[in-house]
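Dear colleague,

I am handing over the structure we spoke about, and I would be glad if you could look through it alongside the notes that follow.

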Amino acid sequence: MSRTHLFLPLFATVGLSLCPQTAAAQVEQPLEPTALLIVTGSLQDPPEESVFPQESVPAQQSVPPQKSTPPAEAVTPRAPSSPATFNYPAHADGFGIKLGGYNASRWAEDWRAMRNPKKRDDPLDRLKYLPIDGDGGAYVTLSGELRLRENYFSQPGLAAGDHRQEQLLRIVGGADVHVGPLRAYGELAHGGLAGHNLGTPAAKSRNDLFAQQYFVELSGTIQPGMLAGIRYGRQEFSDGAPGLVSVKDDNSIHTELNGGRAWLSFAQFRADLFDFKQTVLGLGGSGDDRIDNGTRFSGVTFGVVLANAAKRKVFFDPFFWRERNDTLKWGKATGLEVRHYYGARLWGSIDRLTFDWLVNHQSGDYRGRPIDAWFLQAAQTYGLSNKGLKPKPGIHFDYGSGGGAFGTGTIHNTRTITAGSIAYSYQYLLNLTNLFQVSPNLTVSPTKAIDLTVELQHSWRVNGNDAVYRGAGTAYAGTQLVKGAQVGDAARLQATWKVSPRVSVIGRYEYFAPGAVLKATGLKGSHFLAGWISLRF
């Protein structure tokens, strides 16, 4: 039996997700397993936190609807992801994105509630808390994920030619060992890839075996109201604006960093200090995924609680980062770049309004040339009603400066750190470098378990003397020589179905119509379809 036939039931299930049926095990917010997530629900209708309640936190907690881009990623809250002793509001601690009881980064989960047999619903719950001493103070948590996904591109990369079809498999298994304040976490991942017209496989999609995470940690409460910790090893990091850093959950293999991280938090203030190097992925076993010593990402992210009431949760996160890349390419040159990121993120919710705003200035040096770039984002959604379809209109604006890559003098091109390009195109066609994008959207919820989002995107080039950039950051050849500003328009649709706390089904569609700049280089419009099912424990 071919893999295509194996995936046909998946697409049938995605089709069923468009029907207004009620899932057997509903929760307030459906699940979306991507790194860029937002919440579009109202604070007057808070998501349930009692799927896997923790012993030392309330069974239900008001979680701020957090918004990032794109709105089509809207489905789940960021929620308590760190231990209950964490006094800074857990939904803003920078420790991961909660997905209906789970996190994109599995280390961010706390399953101590499963020590109580009454909290366990099935045998898999027993795997979340396995005591290794008599009093249960030392324990192991096992976790895993199986994801089956299929992608279809009618004109891959907007180039005229045969379609591409991808069948992707993700298998992840992890173990989290706690002994008092000490912790060791390990995670193995496999990425399988088959299909049609695949070209050169990318290691983020095909990887026989990847030691995805392995780190040791010492953390705990120093004194009442003060928590600190330190961690070293290969780990996932997403403490910052989603437009700059993420684990890229859309890929089969997550983005991993290598190094150290330390944090300190109080009730109203936190600080997160880190120093990392990137990981270069191979296609084979775990031995070919190496630390990239030609890169370095370090800095500090702060957090300040401006409001933390039932209907008003507002957070201010300034950050100061430095990134070094020894072999960065701009235009036709390749060389050393040292870039500094100074900025702040203001995000949260006020009644039915959710917002996520970012201002970031980038400076530094590229091969002796100064850097002066800006990265701005403003995303907001408003819940019109808590009844019926619960319509939630929204809009986000994204701006990344450009210019200088193909000339001399100052580099004005924006760069992100580890963030993906899914916010700007489902099929990875655009990067925020030299781009201005406006995206109105609307989300409706036929049931508590289903969200449907439609979005229209309009994209323009900021600097007419610079190129249009692909999702991977490379330039569309020849676009720097074409006059004009219009990059293209896209229509996007996403359907999410939270079948149960452990199972989610996602369907996506996008049509991208190139504008005058891309048409001038012979590029064509492209349809994109994707569907996947994720099973977690």
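How many residues lie between E7 and E8 in the hairpin that they form, and which residue in the turn has a positive phi? There are 2 residues between the two strands, and glycine 225 in the turn has the positive phi, at about 85°. Please bear in mind throughout that this is a predicted model.

The hairpin strands, E7 (residues 207-223) and E8, pair in the antiparallel sense over 9 bridges, and within E8 it is alanine 228 that stands opposite glycine 220. On pairing with strand E9 (residues 257-265), E8 is again antiparallel, with 9 bridges, and here glycine 229 has tryptophan 263 of E9 as its bridge partner. Strand E8 (residues 226-235) is largely enclosed by the rest of the structure, because 8 of its 10 residues are buried.

Turning to the side chains, the largest nonpolar core holds 30 residues, of which Leu244, Phe297, Trp321, Leu430, Phe512 and Leu518 touch the most other members. Two or more residues of this core come from each of strand E10 (269-280), strand E12 (312-330), strand E19 (486-498) and helix H3 (516-519). A second core, separate from this one, has 9 residues, among them Val444, Trp497, Val505 and Ile533.

Phenylalanine 512 may be a useful place to begin viewing: leaving aside residues up to four places away in sequence, its contacts include Leu158, Leu429, Leu430, Val487 and Leu518, as well as Gln427 and Asp489.

With best wishes

Terms used:
Residues are numbered from 1 along each chain as its sequence is written. This is a predicted model: local features need pLDDT of at least 70, side-chain atom pairs count only at pLDDT 80 or more; totals for chains, interfaces and linings use all residues. Side-chain values use heavy atoms; hydrogens and water are left out. A nonpolar core is a set of buried Ala, Val, Leu, Ile, Met, Phe, Trp, Tyr and Cys residues joined through side-chain atoms within 4.5 Å. Buried means under 20% relative accessible area, exposed over 50%, partly exposed in between (1.4 Å probe, protein chains only). Helices (H or I, at least four residues) and strands (E, at least two) are DSSP runs, numbered from the N terminus. Contact means heavy atoms within 4.5 Å. Two strands pair if DSSP finds at least two bridges between them.
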